[in-house]
Amino acid sequence: MDLLNNLYMGFSISLTPINILYCLAGCFFGQIVGVLPGIGAPTAVALLLPLTFSLNPTSAIIMFAGIYYGVAYGGTITSVLINVPGESSTVMTCLDGYQMALKGRAGAALSVAVIGSWIAGTFSVVLLMCFAPALAKFALNFGPAEYFGLALMSFGLLTVFGGDEPIKTIISTILGLFLATIGLDVVSGVPRFSFGIPQLLGGFDFIVIICGIFGLAEVFNSIEEPEEGQMIKQKMGLRDLFLTRAEWIASRWAIVRGGIIGFFVGIVPAGGITTASFLAYLGEKRLSRHPERFGNGAIEGVAAPEAANNAASISGFAPLLALGIPGSPTTAVMLAGFMMWGIRPGPLLFQNNPDLVWGLISSKFIGNFILLLMNIFLIPLFVMILRVPYTILMCFIVICAAVGAYTVNNNLFDVWMMVGFGVLGYVMKKLKYPIVPLVLALVLGRLAENSLRQALILSAGSVWVFFTKPISALFMVAAILAYLNPVLRWLWKGLLRGVGTPPELGAN
Amino acid sequence: MGAVFLKEKEMRLAELTGGIVLLLLGVAIFFFSLELPYMSEYGPGPGFLPRWLSLALVGCSVAVLVGLLRKQKKDESFLKPRTREGVKVLGLIIINFLFLPVLGFSVVLALFTGMTMRAMGRHSWVLCGLTALGVAIGIHLIFIQWLTIPLPEGIVGW
């Protein structure tokens, strides 16, 4: 009953004209960002965040959520029509979506992606409604030891999901944690690594770093390696968007399975929408009686990852809202937004700001519906956007990044910092150091350090405090296993082969 | 074959430089963290985490450097054919941003847009000029007038 009352309250907020407008704007902008290669959801949210200082936080977060799941929809269009994923979360869609387009079924591929995304997205919102409040209630029991364990586990899971070289993921995490220590220490008031520069006493602002490391760095990377593909020239009428009976039968269970995988991967810290779509695709291929069809235009190969990425983009809000722990770069940027508006996400958010939480959750029903309509009627418009020259888009990103960085503290020092972090992000990407761990560590760094110190103070310096409490012990064991993942995998492989070969350092 | 060797050498050099920079950073953080109290009256002090982070960074960067010796060949290069274009844009950003205190945001970002479109997109002078003008007006109207962001206006007063 409580759930229905809360939902009713949420709809009374999200259905106000102004919030519908922000939701529509977010979905539209997200869809555009998804279509354009070279700019992702975290970049878009980071660039817009400083411009929303004066907005009502509920309206702003509804818009950002719209961007987040709008991106997951938008990336599909380029994946299907030009074999270039607009977003990393739609990489798997390219494999079969483009093949379907080559066979004249581009309309069906786009339709199944939209329908799958909508069904899985709606299903994910329903689960989020039930799951997030329960998680928040559970998290009320968390103390410093549990929060430190949770943060450590999130960093550890990044080494599992973070790419081919776990050692570089760890370095990236350390850099993020180090950047978070710069400025006045909140416990003792001692300045750290500020070297007498007054602007550094408050530490690096997260938004400045994000504008550089996502916005500007993405500009340099996109100039160097432009993602260009050949657009399939195919006339698409409304009739081409209909699925055949066989196509629907083949894809319906793939959508359900993709939605379930997406939901659960999304709520795992560091899981993310790309991992969700990847796992859903692999799972579907493994379950199929004809795996050889995958990669040759199997409609399940489009339905499952698309359902998964949308479900994950929605369930990713569960750890953010209930625990204050972001699961992905985009939700990490949103966490910075919450802090900017003076709101602390976590277990008490459901009690202190129910209007924001339920307004946001209910807006996802509206946003998903808006995106369904947009993707049926506005595909030609989004295809046209692909023709915008990259130089213009690039200038737009630089303008937003510069203004965004300046807005944080109204000083030019931050603009130069943004440029510096842009160069750092560019070099890191070239040397294959992942950016996401740095960002997550930066945003969680203060929480992790304060929790660590508080837990050690409470236990009179005994590290066993992290292992004697069951929840924190669980997180710590998960973190240790995650960090040992490369070694465990090597041992397992060696065991299977009979004779082990030494691991290549850094290989996953 | 020769090209692959050169690419590999170049990438290895870049990774080696990256590893050494990280190692030096780790050592520097360690020494600077020595100036901060490791323990305070009640527990870990402000130097506690940085010291452990620096040690971890040193350890990981050594692992990266050792790993470079054993790494298999990869057909990748650090410098790409279009790297020069990226550096050009960085140069334009730095040159234009130097004038931010003097000319203000609207004018500088408009100049940056015009120059970048001309240098990167090979658009006509007229189009570049018109877009730059549009950017200046857009920034003034959207950021300064509508969103009331107090962007520096410079000597132009705009």
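In this predicted model, A:Phe138, A:Phe142, A:Tyr147 and A:Phe475 come together as one aromatic cluster. That's a handy place to start looking around, and there are more rings to find: the count is 20 aromatic pairs over all chains.

**Rings in pairs**

A pair of aromatic rings is described by the distance of the centres and the angle of the planes. Take A:Phe11 and A:Phe365: their ring centres sit 5.9 Å apart and the planes meet at 35°, so this pair is tilted. The two partners come from distant parts of the chain, with A:Phe11 in helix 1 (residues 2–14) of chain A and A:Phe365 in helix 16 (residues 354–377) of chain A, 354 residues apart. A:Phe11 has a relative accessible area of 24%, which makes A:Phe11 partly exposed.

Now swing over to A:Tyr281 and A:Phe294. This aromatic pair is edge-to-face, with 5.6 Å from centre to centre and 85° between the planes. A:Tyr281 belongs to helix 11 (residues 272–287) of chain A, while A:Phe294 is in the loop between helix 11 and helix 12 (300–315) of chain A, so the pair ties together parts 13 residues apart in sequence. Both A:Tyr281 and A:Phe294 are buried.

**Charged pairs**

Side chains of opposite charge can pair when their charged atoms come close. Over all chains, there are 12 salt bridges in this model. Here are some to look up, with the N to O distance for each:

| Acidic partner | Basic partner | N to O distance |
|---|---|---|
| A:Glu218 | A:Lys429 | 3.7 Å |
| A:Glu224 | A:Lys430 | 2.6 Å |
| A:Glu449 | A:Arg453 | 3.2 Å |
| B:Glu15 | A:Lys168 | 2.9 Å |

Helix 9 and helix 19 of chain A turn up twice here. A:Glu218 in helix 9 of chain A and A:Lys429 in helix 19 of chain A form a link across 211 residues of sequence. A:Glu218 counts as buried at 18% relative accessibility, whereas A:Lys429, at 43%, counts as partly exposed.

A:Glu224, also in helix 9 of chain A, pairs with A:Lys430 in helix 19 of chain A, and those two are 206 residues apart. Here A:Glu224 is buried with a relative accessible area of 5%, and A:Lys430 is buried too, at 7% relative accessibility.

A:Glu449 and A:Arg453 are a more local affair: both lie in helix 20 of chain A, four residues apart, about one turn of the helix. Both are buried. Shared partners also join A:Asp185, A:Arg192, A:Glu449 and A:Arg453 into one network of salt bridges.

**Where the two chains meet**

How many residues does each chain bring to the contact? Chain A gives 56 residues and chain B gives 64 residues. Together the two chains bury about 5,100 Å², with 81% of that on carbon and sulfur atoms.

One salt bridge is found across the interface of chain A and chain B, and its partners are B:Glu15 and A:Lys168. The chains also share seven residue pairs in polar contact.

On the side of chain A that touches chain B, the elements giving two or more residues include helix 8 (166–181), strand 2 (191–192), helix 9 (206–224) and helix 20 (436–458) of chain A. Which element gives the largest share of that side? Helix 18 of chain A does, with 10 residues. By class, this side of chain A has 40 nonpolar, five polar and 11 charged residues.

Note on methods. Residues numbered from 1 in each chain as written. Chains lettered and ligands numbered in written order. Predicted model: local features only at pLDDT ≥ 70, side-chain atom pairs only at ≥ 80, totals over all residues. Heavy atoms only, no water. Contact = heavy atoms within 4.5 Å. Buried area = accessible area lost by both parts, 1.4 Å probe. Salt bridge = Lys/Arg side-chain N within 4 Å of Asp/Glu carboxyl O. Polar contact = N/O pair within 3.5 Å; in protein donor to acceptor, adjacent residues only side chain to side chain. Nonpolar A, V, L, I, M, F, W, Y, C, P; charged D, E, K, R; others polar. Phe/Tyr/Trp six-rings, centres within 6.5 Å; stacked < 30°, edge-to-face > 60°. Buried < 20%, exposed > 50% of the residue type's maximum accessible area, 1.4 Å probe, protein only.
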